[in-house]
Amino acid sequence: QVQLVESGGGLVQAGGSLRLSCAASGRISSSSSMGWYRQAPGKQREFVASILSDGSTNGIDYLKGRFTISRDNAKNTVDLQMNSLKPEDTAVYYCNVRRWYGSTSYDYWGQGTQVTVSS
C-alpha cells in the first residue's frame, strides 16, 4: 500500500512561482513512476509530468519551459517546481505513483492540493 501526501499549494499572482511536494509512504519500487496531474474546474484530470527512478522525465510540451519535476529516491518524494504561473494553471494538483506488476499497472493518488493563480 502506498500513501501520498502533497503540500505546497496556495494562492499566487500571475508570474509567480510555487513548489509542490509529495511524500510517499510504503514501498516505492525503482520501476514505479512518480508524477503530477491536475484538474481544473469543469475539466478532466490531465497529466502534467512524471519521472522515473533513473531521473528520466516525461511531460506535456507546453509546460516544459515553466514546470520542472524532480525526485528523491532515498526520501520517496517528488516535487514540481512551477514558474511563471498563469491563471490557466489554476487547478487541483494530484500526486501520482504508478506501480507496475508485470504488464499491468496500478495508480495511487494523493488527496490533491489547490493551486490558484490570480491575474
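How many helices and strands does the secondary structure of the chain hold? The model examined here is predicted. Its chain comes to 0 helices and 11 strands. Read from the N terminus on, the elements run β-β-β-β-β-β-β-β-β-β-β. The radius of gyration is 14 Å, close to the 14 Å that the globule rule gives for 119 residues, so the chain is as compact as a globular protein of that length.

The overall dimensions were computed next. Along its principal axes, the C-alpha trace spans about 45 × 25 × 25 Å. Of the 119 residues, 44% count as buried. Contacts across the sequence were also examined. Among contacts with a separation of 6 or more, 54% come from residues 24 or more positions apart. The exposed surface of the chain is about 6,300 Å². Carbon and sulfur atoms supply 48% of that surface. Charge was treated in a similar way. The chain carries 12 positive and 9 negative charges. The mean positions of these two sets are 2 Å apart.

Cysteine pairing was considered next. A disulfide is a covalent bond between the sulfur atoms of two cysteines. The count for this model comes to 1 disulfide. The bond joins C22 to C95, with an S to S distance of 2.0 Å. C22 lies in strand β3, which covers residues 18-25, and C95 lies in strand β9, which covers residues 91-101. The pair therefore ties together parts that are 73 residues apart in sequence. The torsion about the S-S bond is about -85 degrees, so the disulfide is left-handed. Are these two cysteines, C22 and C95, buried or exposed? Both C22 and C95 are buried.

C22 also appears among the contacts of N76. N76 sits in the loop between β7 (67-72) and β8 (77-82). Its relative accessibility is 18%, and buried means under 20%, so N76 counts as buried. Leaving aside residues up to four places away in sequence, N76 touches C22, A23, A24, G26, I28 and M34.

The next residue considered is T77, which is found in strand β8. With residues up to four places away in sequence again left out, T77 touches C22, A23, M34, S70, R71 and D72. C22 is thus on the contact list of N76 and on that of T77. I28 is one of the residues that N76 touches. T77 and I28 are 10.0 Å apart in space, C-alpha to C-alpha. In sequence, T77 and I28 are 49 residues apart.

Backbone angles were examined last. Most residues other than glycine have a negative phi. Which phi does N76 have, although it is not a glycine? The phi of N76 is positive, at about 55 degrees. S84 is not a glycine either, and it has a positive phi of about 50 degrees. S84 is found in the loop between β8 and β9. N76, for its part, is found in the loop between β7 and β8. S84 is partly exposed, with a relative accessible area of 41%, whereas N76 counts as buried at 18%.

Key. Residues numbered from 1 in each chain as written. Predicted model: local features only at pLDDT ≥ 70, side-chain atom pairs only at ≥ 80, totals over all residues. Heavy atoms only, no water. Helix = DSSP H or I, 4+ residues; strand = E, 2+ residues; numbered from the N terminus. Rg over C-alpha atoms; globule rule 2.2 N^0.38 Å. Buried < 20%, exposed > 50% of the residue type's maximum accessible area, 1.4 Å probe, protein only. Contact = heavy atoms within 4.5 Å. Areas by Shrake-Rupley, 256 points an atom, 1.4 Å probe, with all protein chains shown as cover. Lys, Arg positive; Asp, Glu negative; His and termini not counted. Charge placed at Lys NZ, Arg CZ, Asp CG, Glu CD. Disulfide = S-S within 2.5 Å.
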